[in-house]
Amino acid sequence: LFIWFGTARLTFLALYPHHLLLGGWLVLTVFFLTLYATARHRLLNRKIFISRKVVFHAAAPLLFGMYLLAVGLVSMAMRFFEWEFSFVITGLAASAGAIATAFLVLSDEKRRRVQNFIATHFYVNKYEYRDEWLAFSRAVQGLMSQEEIADALRIVLEDSLYVDRLFIWLSVKDDLKFRQVVPGKRTGGKGRQRQDEKLLEISPEVEDSLKQRGRLYLPEVKDALPEQLVDFMKKRGLVLLYPLLSGGQALGILGIGPELTGERFGQDDFDLLDALCTQAASAILAARMARRLAENRQILAWRRLSTFVLHDIKNASAMLKLVMENAGEHMDDPEFQQDMLEAVEDALKRMDKVRIRLRGMKDEPRPRMQELELRGTIKAVASTLMKRFPGLETEISAQERAITVNTDREMLSSILENLFLNSLEAAGGKAARVQIRISRETENSTGFVNIVITDNGPGIPEELLPDGLFEPFATMKKGGTGIGLWQVKRLVAGLEGEISAGNAAGGGARFVIRLPA
(Lines give C-alpha, C1' and ligand atoms only; values in the text may rest on other atoms or scores of the structure.)
Protein backbone atom coordinates (compact mmCIF):
# COMPACT_ATOMS: atom_id res chain seq x y z
CA LEU A 1 0.00 0.00 0.00
CA PHE A 2 2.81 2.43 0.86
CA ILE A 3 4.55 1.58 -2.42
CA TRP A 4 1.32 2.45 -4.22
CA PHE A 5 1.21 5.79 -2.35
CA GLY A 6 4.79 6.49 -3.42
CA THR A 7 4.06 5.55 -7.03
CA ALA A 8 1.03 7.87 -7.18
CA ARG A 9 3.08 10.72 -5.72
CA LEU A 10 5.92 10.20 -8.23
CA THR A 11 3.48 9.91 -11.13
CA PHE A 12 1.32 12.97 -10.44
CA LEU A 13 3.82 14.99 -8.35
CA ALA A 14 1.06 15.66 -5.84
CA LEU A 15 0.30 14.83 -2.19
CA TYR A 16 -3.27 13.75 -1.45
CA PRO A 17 -4.65 14.24 2.11
CA HIS A 18 -6.81 11.07 2.02
CA HIS A 19 -3.66 9.07 1.23
CA LEU A 20 -2.03 10.42 4.39
CA LEU A 21 -5.13 9.65 6.46
CA LEU A 22 -5.36 6.08 5.16
CA GLY A 23 -1.63 5.54 5.69
CA GLY A 24 -1.89 6.85 9.26
CA TRP A 25 -4.74 4.48 10.10
CA LEU A 26 -2.77 1.60 8.58
CA VAL A 27 0.33 2.38 10.68
CA LEU A 28 -1.72 2.59 13.88
CA THR A 29 -3.53 -0.69 13.12
CA VAL A 30 -0.28 -2.55 12.46
CA PHE A 31 1.28 -1.02 15.59
CA PHE A 32 -1.56 -2.16 17.91
CA LEU A 33 -1.74 -5.62 16.31
CA THR A 34 2.01 -6.00 16.86
CA LEU A 35 1.68 -4.98 20.52
CA TYR A 36 -1.20 -7.45 21.00
CA ALA A 37 0.72 -10.34 19.38
CA THR A 38 3.83 -9.54 21.41
CA ALA A 39 1.93 -9.57 24.71
CA ARG A 40 -0.38 -12.47 23.82
CA HIS A 41 2.36 -14.85 22.68
CA ARG A 42 5.21 -13.48 24.80
CA LEU A 43 7.35 -12.85 21.74
CA LEU A 44 9.89 -10.82 23.72
CA ASN A 45 10.96 -14.05 25.43
CA ARG A 46 12.07 -15.55 22.13
CA LYS A 47 14.76 -15.01 19.54
CA ILE A 48 13.23 -13.62 16.35
CA PHE A 49 14.76 -14.33 12.96
CA ILE A 50 13.66 -13.49 9.43
CA SER A 51 12.05 -16.72 8.30
CA ARG A 52 12.73 -18.02 4.80
CA LYS A 53 8.94 -18.31 4.38
CA VAL A 54 8.60 -14.57 4.94
CA VAL A 55 11.18 -13.97 2.20
CA PHE A 56 9.50 -16.50 -0.14
CA HIS A 57 6.08 -14.90 0.29
CA ALA A 58 7.43 -11.35 0.10
CA ALA A 59 9.36 -11.92 -3.14
CA ALA A 60 6.40 -11.51 -5.51
CA PRO A 61 4.92 -8.40 -3.79
CA LEU A 62 8.36 -6.80 -3.70
CA LEU A 63 8.86 -7.41 -7.41
CA PHE A 64 5.45 -5.91 -8.15
CA GLY A 65 6.23 -2.95 -5.90
CA MET A 66 9.52 -2.38 -7.73
CA TYR A 67 7.54 -2.34 -10.96
CA LEU A 68 5.14 0.32 -9.60
CA LEU A 69 8.02 2.46 -8.36
CA ALA A 70 9.67 2.12 -11.77
CA VAL A 71 6.45 3.37 -13.40
CA GLY A 72 6.39 6.35 -11.04
CA LEU A 73 10.04 7.19 -11.74
CA VAL A 74 9.43 6.95 -15.49
CA SER A 75 6.46 9.32 -15.19
CA MET A 76 8.56 11.82 -13.25
CA ALA A 77 11.39 11.51 -15.77
CA MET A 78 8.91 12.19 -18.63
CA ARG A 79 7.90 15.47 -16.97
CA PHE A 80 11.47 16.48 -16.17
CA PHE A 81 13.11 15.59 -19.51
CA GLU A 82 9.97 16.21 -21.62
CA TRP A 83 10.21 12.81 -23.29
CA GLU A 84 7.70 11.87 -25.95
CA PHE A 85 5.08 9.28 -25.03
CA SER A 86 6.06 6.92 -27.89
CA PHE A 87 9.69 6.86 -26.68
CA VAL A 88 8.60 5.86 -23.18
CA ILE A 89 6.24 3.16 -24.49
CA THR A 90 9.09 1.66 -26.57
CA GLY A 91 11.32 1.58 -23.51
CA LEU A 92 8.66 -0.08 -21.35
CA ALA A 93 8.02 -2.69 -24.06
CA ALA A 94 11.73 -3.47 -24.25
CA SER A 95 11.90 -3.76 -20.45
CA ALA A 96 8.86 -6.05 -20.37
CA GLY A 97 10.44 -8.25 -23.06
CA ALA A 98 13.68 -8.46 -21.07
CA ILE A 99 11.78 -9.43 -17.91
CA ALA A 100 9.77 -12.09 -19.77
CA THR A 101 12.96 -13.51 -21.28
CA ALA A 102 14.54 -13.64 -17.81
CA PHE A 103 11.55 -15.61 -16.46
CA LEU A 104 11.79 -18.08 -19.33
CA VAL A 105 15.52 -18.53 -18.82
CA LEU A 106 15.07 -19.23 -15.12
CA SER A 107 14.49 -23.00 -15.13
CA ASP A 108 13.28 -25.10 -12.22
CA GLU A 109 16.90 -25.75 -11.26
CA LYS A 110 17.66 -22.00 -11.11
CA ARG A 111 14.58 -21.36 -8.99
CA ARG A 112 15.62 -24.09 -6.58
CA ARG A 113 19.07 -22.52 -6.38
CA VAL A 114 17.44 -19.23 -5.38
CA GLN A 115 15.30 -21.02 -2.80
CA ASN A 116 18.39 -22.72 -1.40
CA PHE A 117 20.19 -19.35 -1.15
CA ILE A 118 17.26 -17.81 0.69
CA ALA A 119 16.94 -20.84 2.98
CA THR A 120 20.64 -20.69 3.81
CA HIS A 121 21.02 -16.93 4.38
CA PHE A 122 17.67 -15.76 5.75
CA TYR A 123 17.14 -18.19 8.60
CA VAL A 124 19.22 -19.46 11.50
CA ASN A 125 18.80 -23.03 10.14
CA LYS A 126 18.54 -24.16 6.52
CA TYR A 127 15.32 -26.09 7.30
CA GLU A 128 12.33 -25.38 9.48
CA TYR A 129 12.49 -28.72 11.23
CA ARG A 130 9.18 -28.34 12.98
CA ASP A 131 7.36 -27.97 9.66
CA GLU A 132 9.04 -30.98 8.04
CA TRP A 133 8.55 -33.13 11.12
CA LEU A 134 4.87 -32.20 11.43
CA ALA A 135 4.33 -32.79 7.70
CA PHE A 136 5.81 -36.29 7.93
CA SER A 137 3.93 -37.06 11.15
CA ARG A 138 0.64 -36.18 9.48
CA ALA A 139 1.58 -38.14 6.35
CA VAL A 140 2.26 -41.42 8.19
CA GLN A 141 -0.81 -41.27 10.42
CA GLY A 142 -2.93 -44.34 9.80
CA LEU A 143 -0.50 -45.93 7.31
CA MET A 144 -0.14 -49.70 7.85
CA SER A 145 2.10 -50.57 4.90
CA GLN A 146 5.87 -50.04 4.96
CA GLU A 147 5.73 -49.14 1.25
CA GLU A 148 3.24 -46.35 1.98
CA ILE A 149 5.47 -45.05 4.79
CA ALA A 150 8.46 -45.01 2.43
CA ASP A 151 6.44 -43.08 -0.14
CA ALA A 152 5.39 -40.53 2.50
CA LEU A 153 9.07 -40.06 3.40
CA ARG A 154 9.82 -39.51 -0.29
CA ILE A 155 7.17 -36.79 -0.61
CA VAL A 156 8.41 -34.84 2.44
CA LEU A 157 12.07 -35.09 1.42
CA GLU A 158 11.36 -34.05 -2.17
CA ASP A 159 9.63 -30.94 -0.84
CA SER A 160 12.51 -30.17 1.56
CA LEU A 161 15.81 -31.19 -0.02
CA TYR A 162 17.25 -29.53 -3.11
CA VAL A 163 17.79 -32.76 -5.06
CA ASP A 164 16.12 -34.50 -7.98
CA ARG A 165 17.26 -38.09 -7.27
CA LEU A 166 15.93 -40.07 -4.34
CA PHE A 167 15.77 -43.85 -3.87
CA ILE A 168 14.46 -45.91 -0.96
CA TRP A 169 15.20 -49.61 -0.42
CA LEU A 170 13.56 -51.75 2.30
CA SER A 171 15.16 -54.85 3.79
CA VAL A 172 13.97 -58.31 2.74
CA LYS A 173 14.58 -61.60 4.57
CA ASP A 174 17.83 -60.35 6.14
CA ASP A 175 19.57 -57.03 6.80
CA LEU A 176 21.94 -57.31 3.83
CA LYS A 177 19.39 -57.45 0.98
CA PHE A 178 17.12 -54.55 0.16
CA ARG A 179 14.42 -54.11 -2.49
CA GLN A 180 13.69 -50.77 -4.13
CA VAL A 181 10.26 -49.27 -3.35
CA VAL A 182 10.87 -45.64 -4.40
CA PRO A 183 12.31 -45.17 -7.89
CA GLY A 184 14.85 -42.52 -8.17
CA LYS A 185 14.31 -39.47 -10.36
CA ARG A 186 11.69 -36.86 -9.45
CA THR A 187 10.45 -36.69 -13.04
CA GLY A 188 10.21 -40.47 -13.37
CA GLY A 189 12.24 -42.67 -15.69
CA LYS A 190 11.26 -44.28 -18.97
CA GLY A 191 10.87 -48.02 -19.17
CA ARG A 192 10.66 -50.63 -16.51
CA GLN A 193 13.61 -51.68 -14.42
CA ARG A 194 14.49 -55.32 -14.23
CA GLN A 195 13.92 -56.88 -10.84
CA ASP A 196 17.61 -57.57 -10.28
CA GLU A 197 18.33 -53.84 -10.80
CA LYS A 198 15.94 -52.99 -7.99
CA LEU A 199 17.89 -55.06 -5.47
CA LEU A 200 20.64 -53.62 -3.31
CA GLU A 201 22.94 -56.05 -1.52
CA ILE A 202 25.57 -54.77 0.89
CA SER A 203 28.38 -56.50 2.72
CA PRO A 204 28.54 -56.84 6.53
CA GLU A 205 31.36 -54.27 6.53
CA VAL A 206 29.21 -51.70 4.73
CA GLU A 207 26.33 -52.41 7.12
CA ASP A 208 28.61 -51.86 10.13
CA SER A 209 29.90 -48.63 8.59
CA LEU A 210 26.32 -47.40 8.02
CA LYS A 211 25.39 -48.12 11.62
CA GLN A 212 28.54 -46.54 13.07
CA ARG A 213 28.77 -43.46 10.86
CA GLY A 214 25.01 -42.99 10.43
CA ARG A 215 25.58 -42.24 6.73
CA LEU A 216 27.86 -42.95 3.75
CA TYR A 217 28.64 -39.68 1.96
CA LEU A 218 30.88 -40.20 -1.09
CA PRO A 219 32.99 -37.04 -0.64
CA GLU A 220 33.78 -38.21 2.92
CA VAL A 221 34.22 -41.99 2.59
CA LYS A 222 34.72 -42.70 -1.11
CA ASP A 223 38.08 -44.43 -0.59
CA ALA A 224 36.71 -46.56 2.27
CA LEU A 225 33.80 -48.04 0.27
CA PRO A 226 33.95 -51.19 -1.88
CA GLU A 227 34.39 -50.40 -5.57
CA GLN A 228 31.22 -52.32 -6.41
CA LEU A 229 29.12 -50.12 -4.09
CA VAL A 230 30.71 -46.93 -5.45
CA ASP A 231 29.87 -48.05 -9.01
CA PHE A 232 26.31 -48.87 -7.90
CA MET A 233 25.88 -45.34 -6.51
CA LYS A 234 27.47 -43.59 -9.48
CA LYS A 235 25.30 -45.55 -11.92
CA ARG A 236 22.21 -44.11 -10.22
CA GLY A 237 23.68 -40.64 -9.68
CA LEU A 238 23.82 -40.99 -5.86
CA VAL A 239 26.26 -39.39 -3.46
CA LEU A 240 24.67 -40.23 -0.11
CA LEU A 241 23.31 -43.41 1.51
CA TYR A 242 21.34 -42.98 4.74
CA PRO A 243 20.17 -45.95 6.83
CA LEU A 244 16.68 -46.29 8.31
CA LEU A 245 17.78 -47.63 11.70
CA SER A 246 15.58 -48.87 14.51
CA GLY A 247 16.92 -50.83 17.46
CA GLY A 248 20.26 -51.28 15.72
CA GLN A 249 18.57 -52.94 12.73
CA ALA A 250 18.77 -51.51 9.22
CA LEU A 251 15.17 -51.62 8.01
CA GLY A 252 15.93 -49.70 4.84
CA ILE A 253 18.39 -47.44 3.03
CA LEU A 254 17.78 -43.99 1.60
CA GLY A 255 19.79 -43.00 -1.49
CA ILE A 256 20.12 -39.31 -2.39
CA GLY A 257 21.63 -37.55 -5.40
CA PRO A 258 23.75 -34.37 -5.26
CA GLU A 259 22.32 -30.96 -4.42
CA LEU A 260 21.09 -29.04 -7.47
CA THR A 261 23.12 -26.07 -6.30
CA GLY A 262 26.36 -28.00 -6.69
CA GLU A 263 27.18 -27.47 -3.01
CA ARG A 264 28.05 -30.23 -0.58
CA PHE A 265 25.56 -31.45 1.99
CA GLY A 266 25.99 -29.79 5.38
CA GLN A 267 25.09 -30.46 8.98
CA ASP A 268 21.60 -28.99 8.52
CA ASP A 269 20.90 -31.59 5.83
CA PHE A 270 22.17 -34.42 8.01
CA ASP A 271 20.16 -33.22 11.02
CA LEU A 272 16.98 -33.20 8.92
CA LEU A 273 17.68 -36.70 7.58
CA ASP A 274 18.45 -37.97 11.11
CA ALA A 275 15.08 -36.76 12.39
CA LEU A 276 12.94 -38.00 9.48
CA CYS A 277 14.76 -41.31 8.89
CA THR A 278 14.59 -42.24 12.57
CA GLN A 279 10.86 -41.54 12.63
CA ALA A 280 10.34 -43.43 9.36
CA ALA A 281 12.26 -46.46 10.67
CA SER A 282 10.12 -46.57 13.81
CA ALA A 283 6.94 -46.38 11.72
CA ILE A 284 8.18 -49.15 9.37
CA LEU A 285 9.08 -51.38 12.32
CA ALA A 286 5.64 -50.83 13.83
CA ALA A 287 4.00 -51.68 10.49
CA ARG A 288 6.02 -54.89 10.20
CA MET A 289 5.22 -55.95 13.73
CA ALA A 290 1.52 -55.23 13.20
CA ARG A 291 1.53 -57.31 10.00
CA ARG A 292 3.28 -60.23 11.69
CA LEU A 293 0.87 -60.04 14.62
CA ALA A 294 -2.09 -60.07 12.21
CA GLU A 295 -0.65 -63.05 10.32
CA ASN A 296 -0.04 -64.97 13.57
CA ARG A 297 -3.59 -64.27 14.68
CA GLN A 298 -4.93 -65.49 11.34
CA ILE A 299 -2.88 -68.68 11.56
CA LEU A 300 -4.04 -69.24 15.14
CA ALA A 301 -7.63 -68.72 14.03
CA TRP A 302 -7.15 -71.23 11.22
CA ARG A 303 -5.71 -73.81 13.60
CA ARG A 304 -8.76 -73.39 15.77
CA LEU A 305 -10.92 -73.68 12.68
CA SER A 306 -9.12 -76.88 11.70
CA THR A 307 -10.54 -78.47 14.85
CA PHE A 308 -14.01 -78.09 13.37
CA VAL A 309 -12.77 -79.34 9.98
CA LEU A 310 -11.38 -82.46 11.63
CA HIS A 311 -14.73 -82.86 13.35
CA ASP A 312 -16.35 -82.97 9.88
CA ILE A 313 -13.90 -85.66 8.84
CA LYS A 314 -14.76 -87.63 11.95
CA ASN A 315 -18.46 -87.38 11.09
CA ALA A 316 -17.80 -88.57 7.53
CA SER A 317 -15.78 -91.46 8.92
CA ALA A 318 -18.57 -92.34 11.35
CA MET A 319 -21.08 -92.33 8.49
CA LEU A 320 -18.94 -94.74 6.49
CA LYS A 321 -18.54 -96.94 9.55
CA LEU A 322 -22.31 -97.02 9.97
CA VAL A 323 -22.75 -98.03 6.34
CA MET A 324 -20.25 -100.85 6.76
CA GLU A 325 -22.02 -102.11 9.89
CA ASN A 326 -25.33 -102.32 8.00
CA ALA A 327 -23.87 -103.68 4.79
CA GLY A 328 -23.98 -107.33 5.89
CA GLU A 329 -27.72 -107.19 6.61
CA HIS A 330 -28.92 -104.95 3.75
CA MET A 331 -26.39 -105.52 0.98
CA ASP A 332 -28.96 -107.23 -1.26
CA ASP A 333 -31.37 -104.28 -1.03
CA PRO A 334 -31.00 -102.15 -4.24
CA GLU A 335 -32.12 -99.03 -2.43
CA PHE A 336 -29.50 -99.57 0.27
CA GLN A 337 -26.84 -100.09 -2.38
CA GLN A 338 -27.70 -96.77 -4.01
CA ASP A 339 -27.63 -94.95 -0.66
CA MET A 340 -24.34 -96.61 0.20
CA LEU A 341 -22.70 -95.47 -3.05
CA GLU A 342 -23.95 -91.92 -2.58
CA ALA A 343 -22.70 -91.84 1.01
CA VAL A 344 -19.27 -93.14 0.03
CA GLU A 345 -18.95 -90.67 -2.84
CA ASP A 346 -20.03 -87.73 -0.67
CA ALA A 347 -17.64 -88.66 2.13
CA LEU A 348 -14.72 -89.07 -0.26
CA LYS A 349 -15.35 -85.68 -1.83
CA ARG A 350 -15.51 -83.98 1.56
CA MET A 351 -12.40 -85.71 2.86
CA ASP A 352 -10.42 -85.06 -0.32
CA LYS A 353 -11.28 -81.36 -0.28
CA VAL A 354 -10.32 -81.05 3.37
CA ARG A 355 -7.09 -82.95 2.72
CA ILE A 356 -6.05 -80.59 -0.07
CA ARG A 357 -6.78 -77.50 1.99
CA LEU A 358 -5.16 -78.74 5.18
CA ARG A 359 -2.01 -79.76 3.34
CA GLY A 360 -1.07 -76.07 3.20
CA MET A 361 -1.08 -75.74 6.99
CA LYS A 362 2.08 -77.78 7.57
CA ASP A 363 5.40 -76.23 8.56
CA GLU A 364 7.26 -74.03 6.10
CA PRO A 365 8.01 -76.09 2.98
CA ARG A 366 11.61 -77.18 2.41
CA PRO A 367 12.29 -77.70 -1.28
CA ARG A 368 14.39 -80.49 -2.75
CA MET A 369 15.87 -78.78 -5.76
CA GLN A 370 16.41 -80.57 -9.04
CA GLU A 371 16.70 -79.54 -12.67
CA LEU A 372 13.34 -79.85 -14.44
CA GLU A 373 12.22 -79.30 -18.02
CA LEU A 374 9.37 -76.91 -17.34
CA ARG A 375 7.01 -77.55 -20.25
CA GLY A 376 7.06 -81.34 -19.73
CA THR A 377 6.50 -81.01 -15.98
CA ILE A 378 3.51 -78.71 -16.41
CA LYS A 379 2.07 -80.93 -19.15
CA ALA A 380 2.26 -83.99 -16.86
CA VAL A 381 0.43 -82.18 -14.05
CA ALA A 382 -2.23 -80.90 -16.45
CA SER A 383 -2.75 -84.37 -17.99
CA THR A 384 -3.33 -85.95 -14.58
CA LEU A 385 -5.89 -83.31 -13.62
CA MET A 386 -7.70 -83.47 -16.97
CA LYS A 387 -8.23 -87.21 -16.49
CA ARG A 388 -9.78 -86.60 -13.08
CA PHE A 389 -11.80 -83.56 -14.15
CA PRO A 390 -13.23 -83.80 -17.68
CA GLY A 391 -14.25 -80.12 -17.62
CA LEU A 392 -10.63 -78.94 -17.54
CA GLU A 393 -8.84 -78.00 -20.78
CA THR A 394 -5.25 -76.75 -20.98
CA GLU A 395 -3.07 -75.21 -23.67
CA ILE A 396 0.68 -75.00 -23.04
CA SER A 397 3.20 -73.02 -25.11
CA ALA A 398 6.85 -72.12 -24.52
CA GLN A 399 9.17 -69.47 -25.88
CA GLU A 400 11.86 -72.11 -26.40
CA ARG A 401 11.76 -75.82 -27.01
CA ALA A 402 13.29 -76.71 -23.65
CA ILE A 403 13.34 -74.27 -20.71
CA THR A 404 14.79 -75.73 -17.52
CA VAL A 405 14.54 -74.51 -13.94
CA ASN A 406 16.14 -75.62 -10.72
CA THR A 407 13.14 -76.28 -8.49
CA ASP A 408 11.15 -78.82 -6.44
CA ARG A 409 8.84 -81.02 -8.54
CA GLU A 410 6.32 -81.76 -5.78
CA MET A 411 5.99 -78.12 -4.68
CA LEU A 412 5.64 -76.93 -8.28
CA SER A 413 2.97 -79.57 -8.89
CA SER A 414 1.04 -78.43 -5.79
CA ILE A 415 1.18 -74.81 -7.02
CA LEU A 416 -0.16 -75.74 -10.46
CA GLU A 417 -2.85 -78.05 -9.02
CA ASN A 418 -4.18 -75.27 -6.80
CA LEU A 419 -4.32 -72.77 -9.67
CA PHE A 420 -5.90 -75.27 -12.11
CA LEU A 421 -8.53 -76.30 -9.57
CA ASN A 422 -9.30 -72.63 -8.85
CA SER A 423 -9.88 -72.10 -12.58
CA LEU A 424 -12.10 -75.16 -12.71
CA GLU A 425 -14.20 -74.00 -9.74
CA ALA A 426 -14.41 -70.44 -11.13
CA ALA A 427 -15.84 -71.78 -14.41
CA GLY A 428 -19.04 -72.65 -12.52
CA GLY A 429 -19.79 -75.96 -14.23
CA LYS A 430 -18.66 -74.82 -17.69
CA ALA A 431 -15.51 -75.96 -19.46
CA ALA A 432 -12.47 -74.35 -17.84
CA ARG A 433 -9.89 -73.39 -20.49
CA VAL A 434 -6.49 -72.62 -19.04
CA GLN A 435 -3.64 -71.18 -21.10
CA ILE A 436 -0.04 -71.52 -19.89
CA ARG A 437 2.75 -69.46 -21.43
CA ILE A 438 6.40 -70.12 -20.49
CA SER A 439 9.16 -67.62 -21.32
CA ARG A 440 12.56 -66.45 -20.18
CA GLU A 441 12.81 -63.04 -18.59
CA THR A 442 16.44 -62.53 -19.67
CA GLU A 443 18.54 -63.93 -22.49
CA ASN A 444 21.03 -65.75 -20.27
CA SER A 445 20.45 -68.86 -18.22
CA THR A 446 21.06 -67.06 -14.92
CA GLY A 447 17.89 -64.98 -15.21
CA PHE A 448 14.28 -65.77 -14.36
CA VAL A 449 11.50 -67.76 -16.01
CA ASN A 450 7.91 -66.54 -16.15
CA ILE A 451 4.91 -68.88 -16.13
CA VAL A 452 1.77 -66.98 -17.11
CA ILE A 453 -1.51 -68.81 -16.37
CA THR A 454 -4.74 -67.35 -17.77
CA ASP A 455 -8.25 -68.82 -17.56
CA ASN A 456 -11.68 -68.03 -19.00
CA GLY A 457 -13.41 -67.47 -15.67
CA PRO A 458 -15.08 -64.31 -14.36
CA GLY A 459 -11.79 -62.82 -13.14
CA ILE A 460 -10.67 -61.60 -9.73
CA PRO A 461 -12.62 -58.90 -7.83
CA GLU A 462 -10.72 -55.61 -7.81
CA GLU A 463 -10.89 -55.37 -4.02
CA LEU A 464 -8.69 -58.48 -3.76
CA LEU A 465 -5.98 -57.10 -6.10
CA PRO A 466 -3.06 -56.99 -6.18
CA ASP A 467 -2.17 -58.93 -3.00
CA GLY A 468 -5.40 -59.30 -1.02
CA LEU A 469 -6.32 -62.71 -2.41
CA PHE A 470 -3.01 -64.17 -1.16
CA GLU A 471 -3.90 -63.37 2.45
CA PRO A 472 -5.34 -66.15 4.69
CA PHE A 473 -9.14 -66.44 4.47
CA ALA A 474 -9.36 -64.10 1.44
CA THR A 475 -11.65 -65.86 -1.04
CA MET A 476 -13.87 -65.03 -4.00
CA LYS A 477 -15.73 -68.37 -4.04
CA LYS A 478 -18.87 -69.21 -2.16
CA GLY A 479 -17.97 -71.73 0.51
CA GLY A 480 -14.22 -71.25 -0.05
CA THR A 481 -11.76 -71.24 2.84
CA GLY A 482 -9.30 -68.70 1.42
CA ILE A 483 -6.34 -70.96 2.17
CA GLY A 484 -5.46 -72.29 -1.30
CA LEU A 485 -3.81 -69.18 -2.73
CA TRP A 486 -2.16 -68.38 0.58
CA GLN A 487 -0.60 -71.84 0.35
CA VAL A 488 0.42 -71.15 -3.25
CA LYS A 489 2.23 -67.96 -2.24
CA ARG A 490 4.09 -69.79 0.55
CA LEU A 491 5.15 -72.54 -1.85
CA VAL A 492 6.36 -70.07 -4.48
CA ALA A 493 8.32 -68.17 -1.81
CA GLY A 494 9.84 -71.51 -0.74
CA LEU A 495 11.13 -71.87 -4.31
CA GLU A 496 12.69 -68.36 -4.06
CA GLY A 497 10.18 -67.08 -6.60
CA GLU A 498 7.37 -64.55 -6.78
CA ILE A 499 3.71 -64.69 -7.79
CA SER A 500 1.41 -61.87 -8.82
CA ALA A 501 -2.26 -61.79 -9.77
CA GLY A 502 -4.44 -59.70 -12.03
CA ASN A 503 -7.13 -59.89 -14.68
CA ALA A 504 -6.44 -60.64 -18.32
CA ALA A 505 -7.31 -58.04 -20.96
CA GLY A 506 -9.97 -60.32 -22.46
CA GLY A 507 -11.42 -61.38 -19.11
CA GLY A 508 -10.50 -64.14 -16.71
CA ALA A 509 -7.87 -64.40 -13.98
CA ARG A 510 -4.16 -64.07 -14.79
CA PHE A 511 -1.36 -65.36 -12.54
CA VAL A 512 2.34 -64.80 -13.20
CA ILE A 513 4.80 -67.12 -11.45
CA ARG A 514 8.41 -65.94 -11.55
CA LEU A 515 11.02 -68.61 -10.80
CA PRO A 516 14.83 -68.36 -10.83
CA ALA A 517 16.37 -70.39 -13.64
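Leaving aside neighbours within four places in sequence, with which residues is I453 in contact? In this predicted model, where local features need pLDDT of at least 70, side-chain atom pairs count only at pLDDT 80 or more, while totals for chains, interfaces and linings use all residues. Residues are numbered from 1 along each chain as its sequence is written, and side-chain values use heavy atoms, with hydrogens and water left out. Beyond that sequence window, I453 is in contact (heavy atoms within 4.5 Å) with L416, L419, F420, V434, Q435, I436, A509, R510, F511 and I513.

I453 is also one of the residues that touch the most other members of the largest nonpolar core, together with F420, I436, F511 and I513; this core has 39 residues. A nonpolar core is a set of buried Ala, Val, Leu, Ile, Met, Phe, Trp, Tyr and Cys residues joined through side-chain atoms within 4.5 Å, and buried means under 20% relative accessible area (1.4 Å probe, protein chains only). Among the elements that each supply at least two residues are β10 (432-440), β11 (448-455) and β13 (509-516), whereas α14 gives the largest share, 7 residues; helices (H or I, at least four residues) and strands (E, at least two) are DSSP runs, numbered from the N terminus. A second, separate core of 35 residues includes V156, L157, A280 and I284.

Strand β6 (residues 249-256) has 7 of its 8 residues buried. Strand β6 pairs (at least two DSSP bridges) in the antiparallel sense with β1 (residues 166-172) over 5 bridges and with β5 (residues 240-246) over 7 bridges.

Key:
Buried < 20%, exposed > 50% of the residue type's maximum accessible area, 1.4 Å probe, protein only.
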